[in-house]
Amino acid sequence: MADGLRFEGRRVTVEPGDTVASALYRADVRTFTRSLKYHRRRGLWCVTGDCPNCMVNVDGDPGVRACMTDARDGQVVVRESGWPSAERDLLHVTDRLHRFLPVGFYSKTFIRPRFVWGLAERAIRRATGVGHLPIGRPASARPARALHVDLLVVGGGVAGLAAAAEAAAAGSRVVLVEERRLGATAWDARVRERIQTLAAEARAAGAEILEHHTAVGLYEGPFVPVVGPAEVLHVEAGRVVAATGAVEAHAVFPGNDLPGVFLARGAALLSIRHGVAPGRRAVVVATTDEGRASAAALRSAGMEVLIHDGPVIAAEGNGRILAVTLGTPSGRERITCDTLVLSLGWAPRDALLRMGTDQEVAGAGDVAIPGCSLEEAEASGRRAANGHDEAPSDVPTVPVGDEGYVCLCEDVSLHDLQQAWDEGWRSSEILKRYTTATMGPCQGAVCGRLLAAFAGARADAVATAGARTTSRPPARPLVLEDLAAGVDEMIEQRTSLHDRHLGLGARMERSGSWSRPTTFDAIDEEIRAVRHRAGLMDVGTLGKFLVAGRDAAELLDRVFPIRVRDLEPGRSRYLVALDEAGYVIDDGLLAALDSGRFYLCTTSGRAPAMEAWLRDWIDRWRLHVHLLDQTAQLGAILVAGPKARAILGRLTGDDVSAEALPHMRHADITVADVPCRAVRVGFVGEVGYELHHDRSRGPALYDALLEAGQVEGAQPFGLGALDVLRLEKAHLYLGQDTLPDDHPAKLGLEWAVAMDKPDFVGKRALERMGALPLERTLVGLRIDGEPRRGVPLLVGGRVVGRVTSCARSEAARGTIALGWVRAVDGSFPTELIAGHAVATVVPTPFYDPEGARLRV
C-alpha cells in the first residue's frame, strides 16, 4: 500500500495524477488557508494557480500553491495560517473587528506614539503572512543559464503550441515554456487531444518544449527570466508570443470568498481530471460556453446540478457555503447548496503582454481573444508566429454587487475601496498603494480589472483614474532563491590576448570580472625589464568611450572637474570623476579628438557604471551627445620602458619621437600594419605608449611587438609587477587605496580639480568640505620591515590608520607603502608603528619624483 503524503499528523492517499490540492480535497479538507487580515476560511477556488486560496507549506517550503504542485508519497504538507490551527483559528475574531481595522489602519493607528509601531509590528507579522521562512536551512546554489532564441512562446495551450509549431517549421529557433505539464489545466478531452497533437507537431519541427518552467517577467530586449525546476533561464528572444490564456472573472458579492465557491474550470478539473466531486449539490451560474459545459462534468462526478444565468445576490454559510441567493425575473430566489460554480466572463492573463507594450511581443489565444474556440485559438497562434499581432479584445467587466471581497490575496473588500475613495485616494494606482489591492500573490490577475472598474465608475473628471495599474515583474510568484540564481556564478571576461597569455605561461587570476595575467615568470624580473629595458602589458580591460555630438564638450566640462574646453585635439588630461557629494568614484584619461569628439578611458571594471552615469547626466540635462562604449570593441597594449620608443620605431613609419609625441599627447599611427591610437601615458613611471586598436587585430600586434622587442630584451609583465611599478610612482588604486567617502583633497589630488570653473558635478560639496579641516589623508610611507598590506598604523597604542598598498622596491631601495592616517590633536603624525615595524611618512613619488624619465 502506498505511503501517501503526510498532512498534519495523518496520512492522505495519493492517486495517480493528483495534485496536493486534489489529494487533500478527496480527504475532506475544505479549509486550505486563512485570509491575510481577517482570517476568513479560504478553500479551493480557481484550481489553476491564479488565486491565493490554496497556499500551504510543502516539505518545509512556505507559500506553495497546492493546486499547482504534484502530489507524491512521502510529502509533508502543513497549513501555516491560523492560530493555533487553520481549522480552529482564534484570530478569526478579527473578522468581527472591521471597524477597528479599517483600510490603512497601520498608518492611522501607530503614527503616535512612534514606539508603539515597534511593538505592534511583531504581533502583526506573527498574525499575517502565508507561512514561515525555513530559517537555518542551507541555501542551495541555484544555477542560471543564458538562452538565445528567435522566438519564445509563453504558454503551452493550443495557441502557444500552434505558434511554436508554425515558427519552428519556418526555420526559427523556438522555445516554449509552460508552468505545468502540457494540458494540466484542460479538462475537456477534445482540448487535451489537440494539445497532444500540436505538441508532437512542434517537437517534430524542432521546437523545444520546457514543462514546469514559468516566465516571471518581460524586460527590454526582450529579455524573459524563466524559472525551471533545476535552473533559471535568462532568455534573450528575437520575439515573444504570450499565449498565457485567461482565468474566469472574479465576481463580487457578499460571501464570494466562502469555501465551496468555485470557478467553473476549477470545479470541472476536480471532477474530470481527479475524479473528485466538489460537493453534493451545485448551483452553476454561467454566461460562458465553458461554464455551461462544466455542468455536465459535475453531473458525471455524481453531483446534483442546477443551472442559472441570473446575477448572484449573495452566498450564505458559516465556514462553507450553505445557500445562494440569485436574481431571477420573478425576484430573488434562495437555493440551498454546498457548491457554487461561477463562469461570468474572462480575465485574460495579460501581465506579460502589458509589460511588453513597446517591445516585440504578441498575444495569442485567450489572452488576446478571451473565450475563443479551439479553432480560433490555433489560428491565432499561427498568426502570432508569423508576426501578425492580435489586437486584444475588450473584456466586459463583471457586475459588482454592494459588498464582497475584491482582492482575495490582501483581504480588500468593496467597503475598503469605498472608504479609501472617500478619504481622497482617487485613482486605481493610488488605491492600490493605499489598500494593497492587487499587491498579493496573484499580482492583480484576479482583481486588477475590478479595481480599475471601481475607480473608473467614480472618476468622471479624470480619464486615467480608472486605468489598470501598471504591470510589473514578477508576473507569477517566485522564491528569493530564484531571484538570486547565478549569483555564485562568476562571468569571466577575457581580452583578445587571453590565449597568447596562456601560451606564454602566464598565471591567470581574476581582477574584477576580467581574467588577467598576474605574472609570466618572476615579478622582480618583470619589474627590472620595465625599469631598464621594456615591458608589454595587456590593458584592454580599460573602459573606453567615444563621446561625440554638439554638446560633447559641455557634458564633459560639466561632469568632470578638469578643464575640457581648452583641451586641444591631440592632447590628453588626467581626470577624476566625482559624485554629487564630491567623492571620488573613478579616474582615467580624457583625450581630445578632432571635430569636437573625445576619447575617454576609465578604470578596468567600471565601464558599465561610467556609461550609466554619463547617460544619466545626458538625459537629465537634455544634451545632444552620442556616447559609445568601445570597451569590448577595442584592445589596448602598453609598451613601457626606456627602450619602448626604439621598439615602436621598428614597426611604424610614423614619428613617435619625444618631440612629435610627447608625454600626455596622443596620435593615430600604424604599428605592424595595425591602425592604433597611441596615447603617451606614465602609470608605471617610464616612457609609455598605450596602443588602442581593433580587438580582432590584438594578437597580431602583440606578436609583432614581442618579436621586435627581442633585441632590447623586452618581456610581458602582469598585475604583480604593475602593482609595484605604480606604487613606486604613488599612483593609487581605486577601491584598494580609497574609501567611499574620499574627496580629492584626502587623496592628494587637489591639482586635478579646477575649482575656478563655474560648475561641475560635486563642486558645491567640495566647497563645503574645503572649509573643514582634513581628518584623514593618504600618505606615502617607508617601513623598516617586511611589507604587510592592511596592517593597522598606531601612534601611542592608538589605531590612527592602516596600510593600503605595500611592497619591497628595488628602485626605491626599501619597503614602501601608501596608507591612511588620521589627524591626532589637529596634526598628522609622521612616525607610526606598522605591526612590528616603524613606518615613516615621506614625500611621494618614491621613484623619479621630478618625472624626468617620463619625458625622455
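**A buried strand and its sheet**

Let me begin with strand E29, where 6 of the 6 residues are buried, so this strand is largely enclosed by the rest of the structure. Please keep in mind throughout that what we are looking at is a predicted model.

What covers the two sides of this strand can be read residue by residue. In a regular strand the side chains alternate between the two faces of the sheet. In E29, Gly543, Phe545 and Val547 lie on one side and Lys544, Leu546 and Ala548 on the other, and all of these residues are buried, which leaves both faces of the strand covered.

Which strands does E29 pair with? On the one hand, E29 is joined to E32 by 5 bridges, and the two run antiparallel; on the other, E29 and E33 also pair in the antiparallel sense, over 4 bridges. To give you residues to look for on the screen, Leu546 has Tyr599 as its bridge partner in E32, while Val547 has Leu627 as its bridge partner in E33. Strands of a sheet pair, in general, through backbone hydrogen bonds, either parallel or antiparallel.

Now let me widen the view to the sheet itself. It is an open sheet of 5 strands, in the order E30-E31-E32-E29-E33, with antiparallel pairing. At its edges are strand E30, covering 572–578, and strand E33, covering 626–629, each of which pairs on one side only. From one strand to the next, the twist averages 25°. At the E30 edge, E30 pairs with strand E31, residues 584–592, in the antiparallel sense over 7 bridges, and there Ser572 has Ala591 as its bridge partner in E31.

Two helices pack on this sheet, and I will take them in turn. Helix H16, residues 552–559, touches strand E29, strand E31 and strand E32, and its direction makes about 125° with that of E29. Helix H17, residues 607–621, touches E29, E30, E31, E32 and E33, and its direction makes about 170° with that of E33.

For a second example, let us turn to another part of the chain and to strand E12, residues 223–227. How many of its residues are buried? The count is 4 of 5, so to speak of this strand as mostly covered is fair. E12 pairs in the antiparallel sense with strand E11, residues 214–215, over 2 bridges, and it also pairs in the antiparallel sense with strand E13, residues 232–242, over 5 bridges. Val227 of E12 appears in both pairings, being the bridge partner of Thr214 and having Val232 as its own bridge partner in E13. Between E12 and E13 there is a hairpin, which joins them through 4 residues.

Finally, some words on the whole chain, in which these two examples sit. The protein chain has 22 helices and 44 strands, and its C-alpha trace spans about 105 × 70 × 65 Å along the principal axes. Of its 856 residues, 54% are buried. If we take contacts between residues at least 6 apart in sequence, 65% of them join residues at least 24 apart. The accessible surface comes to about 37900 Å², with 52% of it belonging to carbon and sulfur atoms. As for charge, the chain carries 100 positive and 109 negative charges, and the mean positions of the two sets are 4 Å apart.

Note on methods:
Residues are numbered from 1 along each chain as its sequence is written. This is a predicted model: local features need pLDDT of at least 70, side-chain atom pairs count only at pLDDT 80 or more; totals for chains, interfaces and linings use all residues. Side-chain values use heavy atoms; hydrogens and water are left out. Buried means under 20% relative accessible area, exposed over 50%, partly exposed in between (1.4 Å probe, protein chains only). Contact means heavy atoms within 4.5 Å. Accessible areas come from the Shrake-Rupley method with a 1.4 Å probe; for residues, only the protein chains shown count as cover. Lys and Arg count as positive and Asp and Glu as negative; His and the chain ends are not counted. The place of a charge is taken as NZ of Lys, CZ of Arg, CG of Asp or CD of Glu. Two strands pair if DSSP finds at least two bridges between them. Axes are lines fitted to C-alpha atoms, for helices over the stretch in contact, and angles run from 0 to 180 degrees between N-to-C directions.
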